[in-house]
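Please work through the exercises below with the sequence and the structure at hand, trying each task before reading its solution.

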Amino acid sequence: KPKHEVVRTAMPKDVKAIEICWPLGRSVQETEAGLCHRQRKGFALASSIPPTWPDRDARVWNAGQLELQIDVQTGLRLSADCKSNHQQKIVHIARWPSLTTPWLSSNLREKTRIPALAPDCSEDALASMETLQIDGPAEKSTLARAPNSTQPISAEFRALGTQQKVKWLVNGQWVADTSGSQMFVMKFDNSGPQRITALTDAGAWDEMSVYVLK
């Protein structure tokens with residue numbers, strides 16, 4: 001054989017090429033057409049296809065696929081206890097991991113969005129499935145004032161993974177409210193270590209720390 005000839009090993013019999021659907025991570029054959037947002041090639045061992053794992057910091061397990069009832073006219077989510085009579089239908093939603101949100105197209109963000117709850121319906125458990133992630137400066141980064149600037153040190157923050165109102169706290173003190181992934185500029189009047197917390201009324205939360213120079 002030539003000195004540099006590459007010897008290819010035959011693929012094991014229990015490994016086969018398949019088409020996988022994202023975000024759920026299941027095969028095309030096992031996924032409803034509307035839940036297959038992206039199709040990718042992959043390999044399966046012994047016909048085993050592990051589904052997409054939940055967010056690394058998820059506090060509540062979920063399989064990524066939701067089944068819920070919505071009002072046919074408004075598209076709002078219905079819970080088990082609503083005061084009005086609604087014409088309803090069942091829909092399925094495939095959820096992308098929250099950290100992928102900045103890179104999703106507006107079309108994919110709309111597909112993965114959980115509809116808001118109808119105002120006459122009592123709270124349900126869906127909000128607890130949210131995995132809130134703070135998008136901003138890197139964890140434990142140092143923030144400094146621009147040269148010759150007299151303005152307070154500031155940085156941009158937003159919360160990923162929720163459509164709800166988000167409360168922002170610095171060292172346990174409320175500083176702002178935002179809606180969904182709305183970006184806002186946080187100004188720091190004090191120097192030193194700063195603990196930043198983002199949370200929703202449903203209990204989803206995330207924290208990070210930065211250090212602000214004088």
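The exercises that follow concern a predicted model, and each task is followed by a solution in steps.

**Exercise 1. The sheet**

Find the order of the strands in the open sheet of 3 strands, and decide which of them are edge strands.

Solution. Begin with the general idea that strands of a sheet pair through backbone hydrogen bonds, either parallel or antiparallel. In this open sheet the order is E7-E9-E12, and the pairing is antiparallel. Next, look for strands that pair on one side only: these are strand E7, covering 133–135, and strand E12, covering 184–188, which are therefore the edge strands. From one strand to the next, the twist averages 40°. Finally, follow one pairing in detail: strand E9, residues 153–160, is joined to E12 in the antiparallel sense over 5 bridges, and Phe157 has Phe184 as its bridge partner in E12.

**Exercise 2. The two faces of a strand**

Sort the residues of E12 into a covered face and an uncovered one.

Solution. Recall that in a regular strand the side chains alternate between the two faces of the sheet. Going along E12, you should place Phe184, Met186 and Phe188 on the covered face, while Val185 and Lys187 belong to the uncovered one. As a check on one residue of the covered face, Phe188 has 5% relative accessibility and so counts as buried.

**Exercise 3. Aromatic pairs**

The structure holds 3 aromatic pairs; classify the pair of Phe157 and Trp168, and then the pair of Phe157 and Phe188.

Solution. A pair of aromatic rings is described by the distance of the centres and the angle of the planes. For Phe157 and Trp168 the centres are 6.2 Å apart and the planes stand at 55°, so this pair is tilted. Because Phe157 lies in strand E9 and Trp168 in strand E10 (residues 165–170), the pair ties together parts that are 11 residues apart in sequence. Phe157 counts as buried, at 0% relative accessibility, and Trp168 likewise counts as buried at 0%. For Phe157 and Phe188 the centres are 6.5 Å apart and the planes stand at 70°, so this pair is edge-to-face. Here distant parts of the chain are linked, since Phe157 is in strand E9 and Phe188 is in strand E12, 31 residues apart. As a last step, note that Phe157, Trp168, Phe184 and Phe188 form one aromatic cluster.

**Exercise 4. The cores**

Which residues have the most contacts inside the largest nonpolar core, and which element gives the most to this core?

Solution. In soluble globular proteins, nonpolar side chains tend to be buried together. The largest nonpolar core has 20 residues, and those with the most contacts inside it are Phe157, Trp168, Met186, Phe188 and Ile196. Two or more residues come from each of E9, E10, E12, strand E13 (192–199) and strand E14 (205–212), and E9 gives the most, with 4 residues. To see the contacts of one member, take Met186: leaving aside residues up to four places away in sequence, Met186 touches Ile153, Ser154, Ala155, Phe157, Trp168, Val170, Val175 and Ile196. There is also a second, separate core of 7 residues, which includes Leu66, Ile70, Ile93 and Leu126.

Technical notes: Residues are numbered from 1 along each chain as its sequence is written. This is a predicted model: local features need pLDDT of at least 70, side-chain atom pairs count only at pLDDT 80 or more; totals for chains, interfaces and linings use all residues. Side-chain values use heavy atoms; hydrogens and water are left out. Two strands pair if DSSP finds at least two bridges between them. Axes are lines fitted to C-alpha atoms, for helices over the stretch in contact, and angles run from 0 to 180 degrees between N-to-C directions. Rings of Phe, Tyr and Trp (its six-membered ring) pair if their centres lie within 6.5 Å; planes under 30 degrees apart count as stacked, over 60 as edge-to-face and the rest as tilted. Buried means under 20% relative accessible area, exposed over 50%, partly exposed in between (1.4 Å probe, protein chains only). A nonpolar core is a set of buried Ala, Val, Leu, Ile, Met, Phe, Trp, Tyr and Cys residues joined through side-chain atoms within 4.5 Å. Contact means heavy atoms within 4.5 Å.
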